[in-house]
Amino acid sequence: GPWGATVTLRFSEDIDSSSASIFVVSSLPSPTTTQVIFSQTDNHSLEVQIGGSPSLGEGDAYLMIQDLYDTAGNVFDSGFQGITITLDHTAPLLLHANLTAEDRVELVFDESIDPASSSASMYHVSGCTVSSAVVSGDRVLLTISAPETQSAMLVSVDSGIYDMAGNTAASLSVPVDDLFAPYILSARTDLASGGILVEWSE
């Protein structure tokens, strides 16, 4: 889970956590061990708060549990390293935007976006109206009104978008790359030249 999350650990039998300690162990930027807060929510479960000051570097770390017993007095393995967590303190970055259809713009971020932080009103595409925004991992697909021109389009995102660890981005903007192939709007005979005039979409 991300830094700042609550992790629930469920065990196979009743536990006694009265003398237990839980630590986050990370090797970045240097070997660091940070004790975290937890509570026993029922006979089989612990709720661990991974939040707190983000003093550890970014990247994968793990939880280590010490002095945890079952109700018969058997100690839990103090070297337990089975729960991997991701330490993330950096806000998402908008990498680029692509016009993939006449009425679709796909935004690509450098990490997954929390769908709860996104709404259509937060996105703006020059010359267009944004009617919907669908988040899928590190991508957001915008449905837009067809632009009058597909040249020099710009997309901007209001501040408030955040990643899965809750890191919030400031306002962002990038030009829109046109990946949508042109198509023929009309074709007609030019009586003056005897040729055919073809009108393209761009």
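**Close-up 1. The side chains of D103 and R104 form a salt bridge in this predicted model.** The N to O distance is 3.0 Å. D103 is partly exposed, at a relative accessible area of 30%. R104 is also partly exposed, with 28% relative accessibility. A search of the whole structure returns four salt bridges. Side chains of opposite charge can pair when their charged atoms come close.

**Close-up 2. Strand 10 and strand 11 form a hairpin.** Two residues lie between the strands. Strand 10 covers residues 94–101, and strand 11 covers residues 104–109. The two run antiparallel and are joined by six bridges. One bridge can be picked out by its residues: N98 has E106 of strand 11 as its partner. E106 appears again in a network of salt bridges, linked with D138 and R139.

**Close-up 3. D138 and R139 meet through their side chains in a salt bridge.** The N to O distance here is 3.6 Å. D138 has 28% relative accessibility and counts as partly exposed. R139 is partly exposed too, at a relative accessible area of 35%. The contact belongs to a wider arrangement: a network of salt bridges links E106, D138 and R139.

**Close-up 4. Strand 13 and strand 14 pair in the antiparallel sense.** Six bridges hold the pairing. Strand 14 spans residues 139–144. V130 has its bridge partner, I144, in strand 14. Strands of a sheet pair through backbone hydrogen bonds, either parallel or antiparallel.

**Close-up 5. Strand 10 pairs with strand 16 in the parallel sense.** Strand 16 runs over residues 172–178. Three bridges connect the two strands. A97 stands opposite V176 of strand 16. On its pairing with strand 11, by contrast, strand 10 runs antiparallel.

**Close-up 6. Seven strands make up an open sheet.** Their order is 12-15-16-10-11-14-13, and the pairing is mixed. Which strands stand at the edges? Strand 12 (123–125) and strand 13 (130–136) do. Each has a single partner strand, so one side of each is left without a neighbour in the sheet. From one strand to the next, the twist averages 25°. The parallel pairing of strand 10 with strand 16 belongs to this view, as does the antiparallel pairing of strand 10 with strand 11. At the strand 13 edge, the pairing with strand 14 is antiparallel. In a regular strand the side chains alternate between the two faces of the sheet.

**Close-up 7. Strand 6 pairs with strand 1 and with strand 5.** Strand 6 covers residues 45–49. Its pairing with strand 1 is antiparallel, over five bridges. In that pairing, V7 has V48 of strand 6 as its bridge partner. Strand 5, residues 37–42, also pairs with strand 6 in the antiparallel sense, over five bridges. I37 stands opposite Q49 of strand 6. A hairpin joins strand 5 to strand 6 through two residues.

**Close-up 8. R10 and D42 meet in a salt bridge between their side chains.** The distance is 3.5 Å, N to O. R10 lies in strand 1 and D42 in strand 5, so the pair ties together parts that are 32 residues apart in sequence. Is R10 buried or exposed? R10 counts as exposed, at 58% relative accessibility. D42 counts as partly exposed, at 34%. Strand 1 and strand 5 each pair with strand 6.

**Close-up 9. F11 and F76 form an aromatic pair.** The structure holds one such pair. The geometry is edge-to-face: 5.4 Å centre to centre, with 85° between the planes. F11 lies in the loop between strand 1 (6–10) and strand 2 (15–16). F76 lies in the loop between strand 8 (69–70) and strand 9 (84–87). The pair therefore ties together parts that are 65 residues apart in sequence. F11 is buried, with a relative accessible area of 14%. F76 counts as partly exposed, at 24% relative accessibility. Buried means under 20%, so F11 falls below the cut-off at 14%.

Note on methods:
Residues numbered from 1 in each chain as written. Predicted model: local features only at pLDDT ≥ 70, side-chain atom pairs only at ≥ 80, totals over all residues. Heavy atoms only, no water. Pairing = 2+ DSSP bridges. Helix = DSSP H or I, 4+ residues; strand = E, 2+ residues; numbered from the N terminus. Axes fitted to C-alpha atoms, helices over the stretch in contact; angles between N-to-C directions. Phe/Tyr/Trp six-rings, centres within 6.5 Å; stacked < 30°, edge-to-face > 60°. Buried < 20%, exposed > 50% of the residue type's maximum accessible area, 1.4 Å probe, protein only.
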